[in-house]
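User: I would like to work through a protein model step by step. Please show me the sequence and the structure before we begin.

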Amino acid sequence: MSYKRTLIIFLLFAAAAVFFYLYEIQGGQKRREAGEQAKRVLSFDPADAASVLVARADETIVVKKGNGEWVIAEPVKAAAEQPKIKQLITAAAEVKFERDLGEQGELKPFGLDQPDLSIEIVSTAGKSERVLIGSTTPDGKNVYMKKEDAPNVFTVAVSAKDALDQDLYALRDKKLVQFSTPDVEEIALHRDGKSVTLRKEDENRWRMVSPAETDADTEKINTLLDSIRYARVKKFVEENAPDLHAYGLEPAEARVELGLGDNREVIYFGAKPAPDTKVVYAVRGEDGRRVLELDDAILEKVTASPDEWRDERLAKFDPESVRKLEIETNNSKLSVKQDENSGKWLMLEPRETRADASRIESLLRGLAKMKAVRFVRSDKEAQSRLKQPQLRLRLWVQDENEPILVSFTQMTAEEEYLSVLPSGELCVVDAEAVKEMSVEPDDLIDKSVAHFEAADIEKIDLIKGEETYSIKRKDVSWNIPRKLNAESYEVDQLLWELSRLKYVNVISGETQDASLFKSPALGIRLWSGEGTEPEVTLVVGERLPAKETVYIREEGSGQVMEVEAAFLAEWVERL
């Protein structure tokens, strides 16, 4: 075959490929898009919509766009549900017919002479398109539809009508109040003849400024604001009620005022219609006499009792920022401190040893959450009791020189204690919460048998008698001697249980009889990385008769520990 002939064949093939791509692929896509476009009943661009009219059998709704936001203009002037309006416009633009029934002179058989629903879209340029939706087809799968200014009748899917058939409630903005929580600077609550004013000090701190000056509970305030912000109107009862007294709104049961910079939102809440109902009526200050129906749960959050809004925490601190802790009772004193370099907790008093970090962190979290049960009036008897507290805790927070002091004084009733809040107010604390703080030195000692990170271990030696079984890490699994008959997950579990193993007792020197380890049941060496010496070496002694525990000795510590470790017996059986 000549070079010229080969070139001609290649060019013909390339031309055919180009033709196929342009006509079949690109052209096919364009033809499909054109076909889909041709089946659309309406031809407007949703982005150009300026107003929407929804005419239903019992109402006509007009929605208009102004300053980039949709608002309801008729039958009432009100804010619109923005996503819902956009969905309605998109649904109208995407309506496609199933069948074109052609020009029909008589519209009554199709329910189009007096349609139950019609939609009109007006563009920003003033172009109007209106579609009429008639009755359902005999098979119930489609409805009849036609453009008002065109003769042809179409069938479209019933789902298209469902998307367009929206009532006033569906299109209306149902938020009780529109605001951003960070913008709220002040809250005034009025109920039962009482008033409370709360003012924001900074992003995470609120204060009560009336009827008393004290720190406020930021968490409760945020919960109240969330309840108002996310409250949704269940029903728009009356647009201009002539008699608010009928709804318990004149006078109102409660009032909430939100200070938003230069603006102020006011909400009035009425009494519940009946004790067993789940709704409450409300009006917004700016709406005058527009009565709204809400879920009654919101009214439960509105209280003007000062004690409800006080900051009830006994101490204000971040548990993670505490670097030293002292706990003192009438009989004992303990002190723990976090090492600046390693971050590990060490016990300083009554003896120097490693402390249990998880137990300390749990105790600090519990103290940070502890709150007053109720507030009490300070009298001479209370002041006298406070001078002799049964429990005192001192916390040193990072970068602070002076400690935070929390003390508890037992009252006559055994179930309660007295304490003093940071504000200086006297309060009652539940005894069960105090008991969790009343720890003994032994409670905070780290009772771990060995200290290591399971993920760092690369090699394990299991020793029984003269035999040593070496298990080495291989990627995410382990190379295990066949004699052990074990799976990789079982080795991971062994490491995990060893890392969490706690002793129940430390055996005194005279009990450290060599016979306990004369014929050890098991030896364990743990190696990390490429170290030449094992990170941990444990020797497991024989189990004594009538004992559910075994003795373990860690090489180098000189300490014999009594532990409950049934999982070790399983590995002894494997060897």
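User: Is asparagine 485 buried or exposed?

Analyst: This is a predicted model, and the values discussed here are computed from it. Asparagine 485 is found in the loop between β30 (477–479) and α12, and its phi is near 50°, a positive value in a residue other than glycine. A residue counts as exposed when its relative accessible area is over 50%. The relative accessible area of asparagine 485 is 65%, so this residue is exposed.

User: What is the relative accessible area of aspartate 192?

Analyst: Aspartate 192 lies in the loop between β10 (186–191) and β11 (194–202). Although aspartate 192 is not a glycine, it has a positive phi of about 55°. Aspartate 192 is exposed, and its relative accessible area is 61%.

User: Which residue does a cis peptide bond join to serine 210?

Analyst: The bond in question has an omega of about 10°. The partner of serine 210 in this cis bond has its place in the loop between β12 (205–210) and β13 (214–215). That partner is proline 211.

User: What is omega for the peptide bond from glutamate 349 to proline 350?

Analyst: Proline 350 lies in the loop between β21 (345–349) and β22 (353–354). The peptide bond that leads to proline 350 from glutamate 349 is cis, with omega near 5°.

User: Which strands are the edge strands of the open sheet of eight strands?

Analyst: The order of this sheet is β30-β29-β28-β32-β33-β34-β35-β31, with antiparallel pairing. Neighbouring strands are turned by 25° against each other on average, direction ignored. An edge strand here pairs on one side only, and this applies to β30 and β31 (503–507).

User: Which glycine in the turn between β28 and β29 has a positive phi?

Analyst: Strand β28 (residues 457–464) pairs with strand β29 (residues 467–474) in the antiparallel sense over six bridges. Along this pair, aspartate 461 stands opposite serine 470 in β29, and the bridge partner of isoleucine 460 in β29 is isoleucine 471. The two strands form a hairpin with two residues between them, and the turn residue with a positive phi of about 60° is glycine 465.

User: Which residue takes a positive phi in the hairpin of β29 and β30?

Analyst: β29 and β30 run antiparallel and are joined by three bridges. Lysine 472 stands opposite asparagine 479 in β30. The hairpin has two residues between the strands, and the residue with a positive phi near 55° is aspartate 475.

User: Which residue of β32 is the bridge partner of isoleucine 463?

Analyst: β28 and β32 run antiparallel, and six bridges join them. In β32, isoleucine 463 has as its bridge partner glycine 523.

User: Which residue in β33 is the bridge partner of arginine 525?

Analyst: Strand β32 (residues 522–528) and strand β33 (residues 536–540) pair in the antiparallel sense. Five bridges make up this pairing. The partner of arginine 525 in β33 is threonine 537.

User: What angle does the direction of α13 make with that of β32?

Analyst: Two helices are found against these strands. α12 lies across β28, β29, β30, β32 and β33, running at about 100° to β30. α13 packs on the sheet and touches β28, β32, β33 and β34 (550–554). The angle between the direction of α13 and that of β32 is about 100°.

User: Why is α12 described as oblique to α13?

Analyst: Two packed helices are described by the angle between their axes and the distance between the axes. For helix α12 (residues 488–500) and helix α13 (residues 566–574), the axes are 11 Å apart and the angle is about 140°. Angles over 145 degrees count as roughly antiparallel and those from 65 to 115 as roughly perpendicular. The angle of about 140° falls in neither class, and therefore α12 is oblique to α13.

User: How many residues of the contact of α12 with α13 are charged?

Analyst: α12 passes α13 in a left-handed crossing. The contact is made by Glu490, Val491, Leu494, Glu497 and Leu498 of α12 and by Phe567, Leu568, Trp571 and Arg574 of α13. Six of the contact residues are nonpolar and none is polar, while the number of charged residues is three.

Technical notes:
Residues are numbered from 1 along each chain as its sequence is written. This is a predicted model: local features need pLDDT of at least 70, side-chain atom pairs count only at pLDDT 80 or more; totals for chains, interfaces and linings use all residues. Side-chain values use heavy atoms; hydrogens and water are left out. Axes are lines fitted to C-alpha atoms, for helices over the stretch in contact, and angles run from 0 to 180 degrees between N-to-C directions. Helices (H or I, at least four residues) and strands (E, at least two) are DSSP runs, numbered from the N terminus. Angles under 35 degrees count as roughly parallel, over 145 as roughly antiparallel, 65 to 115 as roughly perpendicular and the rest as oblique. A crossing is left-handed if the near helix is turned anticlockwise from the far one by less than a right angle, and right-handed if clockwise. Contact means heavy atoms within 4.5 Å. Ala, Val, Leu, Ile, Met, Phe, Trp, Tyr, Cys and Pro count as nonpolar, Asp, Glu, Lys and Arg as charged, and the others, Gly among them, as polar. Buried means under 20% relative accessible area, exposed over 50%, partly exposed in between (1.4 Å probe, protein chains only). Two strands pair if DSSP finds at least two bridges between them.
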